[in-house]
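Let's take a friendly walk through this fold, looking at how its rings and helices sit against one another. Keep the view open beside the text and turn it as we go.

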Amino acid sequence: MNSEILNIEKKIEGVIVRWNMLPPGCTVVVGLSGGADSLTLAHFILKYAETRDIHLIAAHINHGLRGKEADGDEAFVSRWCGANRVELKILHADVRTLAEEKGEGLEECGRNVRYDFFRSLSGTNGKIATAHTLSDSTETVLMNLAKGAGMRGLRGIPPVRENIVRPLIGITRAEVEVYCAHYGLHYVTDSTNLEEEYERNKIRL
């Protein structure tokens with residue numbers, strides 16, 4: 001194993017240990033979209049869990065917004081979980097209709113649907129692991145700056161919030177791609193990540 005991969009893995013494990021994210025014997029629900037970030041997270045935790053009696057559940061949400069593309073993502077995640085013997089739970093949701101009914105934006109409604117689903121799987125004592133990276137945290141700071149946020153807005157995304165943990169918060173998107181290339185992890189790309197109508201995408205692009 002080359003030194004770059006060892007360094008990336010040490011960063012991830014260091015964050016997990018420092019913040020006591022995944023104590024032995026816990027159940028952890030990993031949000032698995034099929035993208036590079038979430039696949040890296042699931043792959044790493046799968047290895048990490050082997051000697052720590054950690055129960056891994058992958059959770060995938062089909063938001064009903066991207067038609068055949070979303071169905072393809074779901075099929076991809078199902079194949080990966082089947083090949084790696086990972087328990088998978090899937091939720092189908094009509095986020096557009098729900099957003100209209102609740103008077104919420106699509107992004108806000110989608111986020112609420114995701115976390116409600118994750119919490120239903122994690123139970124009271126389980127952990128929810130999301131694949132936010134250092135790059136995502138930097139984008140958040142820039143977004144908050146653009147909105148005129150104060151000092152609190154400059155903190156970015158916290159490593160831990162209640163039972164939500166973010167093991168990849170110490171590595172960049174570029175390091176995620178290195179990880180995927182090293183382990184031969186194929187992944188899907190959500191086409192909406194390239195659309196400038198979403199605020200985060202404007203910052204990222």
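**Rings, helices and two buried residues**

Searching the whole structure turns up three aromatic pairs. In the pair made by Phe44 and Tyr48, the ring centres lie 6.1 Å apart and the planes meet at 20 degrees, so these two rings are stacked. Please keep in mind that this is a predicted model.

Where do Phe44 and Tyr48 sit relative to each other along the chain? Both belong to helix H2, which covers residues 36–49, and because they are four residues apart there, about one helical turn separates them. Phe44 and Tyr48 are both buried. Tyr48 has a further partner: the charged end of Arg52 is placed over the Tyr48 ring, 3.7 Å from the ring's centre.

Now turn to Tyr115 and Phe118, an aromatic pair with an edge-to-face arrangement. Here the distance is 5.7 Å from centre to centre, with 80 degrees between the planes. Helix H5 (residues 106–122) carries both of them, and as they are three residues apart, they too are separated by about one helical turn. Are these two rings buried or exposed? Tyr115 has a relative accessibility of 14%, so it counts as buried. Phe118 also counts as buried, because its relative accessibility is 4%.

Next, let's see how some of the helices pack. Helix H1 (residues 3–18) meets helix H7 (residues 173–183) at an angle of about 120 degrees, and their axes are 10 Å apart. That angle is why H1 is described as oblique to H7. The crossing of H1 past H7 is left-handed. Which residues bring these two helices together? On the H1 side they are Glu4, Ile5, Ile8, Glu9 and Lys11, and on the H7 side Glu175, Val178, Tyr179, His182 and Tyr183.

H7 also packs against H2, the helix that holds Phe44 and Tyr48. The H2 and H7 axes come within 9 Å of each other, crossing at roughly 60 degrees. H2 is therefore oblique to H7. This crossing, too, is left-handed. From H2, the residues involved are Ala36, Asp37, Thr40, His43, Phe44 and Lys47. They meet Arg173, Val176, Tyr179, Cys180 and Tyr183 of H7. Phe44 thus appears in two places in our tour, stacked with Tyr48 and taking part in the meeting of H2 with H7. On the H7 side, Tyr179 and Tyr183 are among the residues that meet H1 and also among those that meet H2.

Our last stop is helix H3, which spans residues 67–83 and includes Trp80. With a relative accessible area of 11%, Trp80 is buried. What does Trp80 touch beyond its neighbours within four places in sequence? Its contacts are Leu32, Leu39, Ala42, His43, Leu46, Val86 and Leu185. One of them, His43, is also among the H2 residues that meet H7. Trp80 and Gly34 are 46 residues apart along the chain, and their C-alpha atoms are separated by 8.7 Å.

Asp73 is found in H3 as well. Its relative accessible area is 6%, so Asp73 is buried. Not counting residues up to four places away in sequence, Asp73 is in touch with Ser33, His60, Arg66 and Val188.

Notes. Residues numbered from 1 in each chain as written. Predicted model: local features only at pLDDT ≥ 70, side-chain atom pairs only at ≥ 80, totals over all residues. Heavy atoms only, no water. Buried < 20%, exposed > 50% of the residue type's maximum accessible area, 1.4 Å probe, protein only. Contact = heavy atoms within 4.5 Å. Phe/Tyr/Trp six-rings, centres within 6.5 Å; stacked < 30°, edge-to-face > 60°. Lys NZ or Arg CZ within 6 Å of the ring centre and 35° of its normal. Axes fitted to C-alpha atoms, helices over the stretch in contact; angles between N-to-C directions. Parallel < 35°, antiparallel > 145°, perpendicular 65-115°, else oblique. Left-handed = near helix turned anticlockwise from the far one by under 90°.
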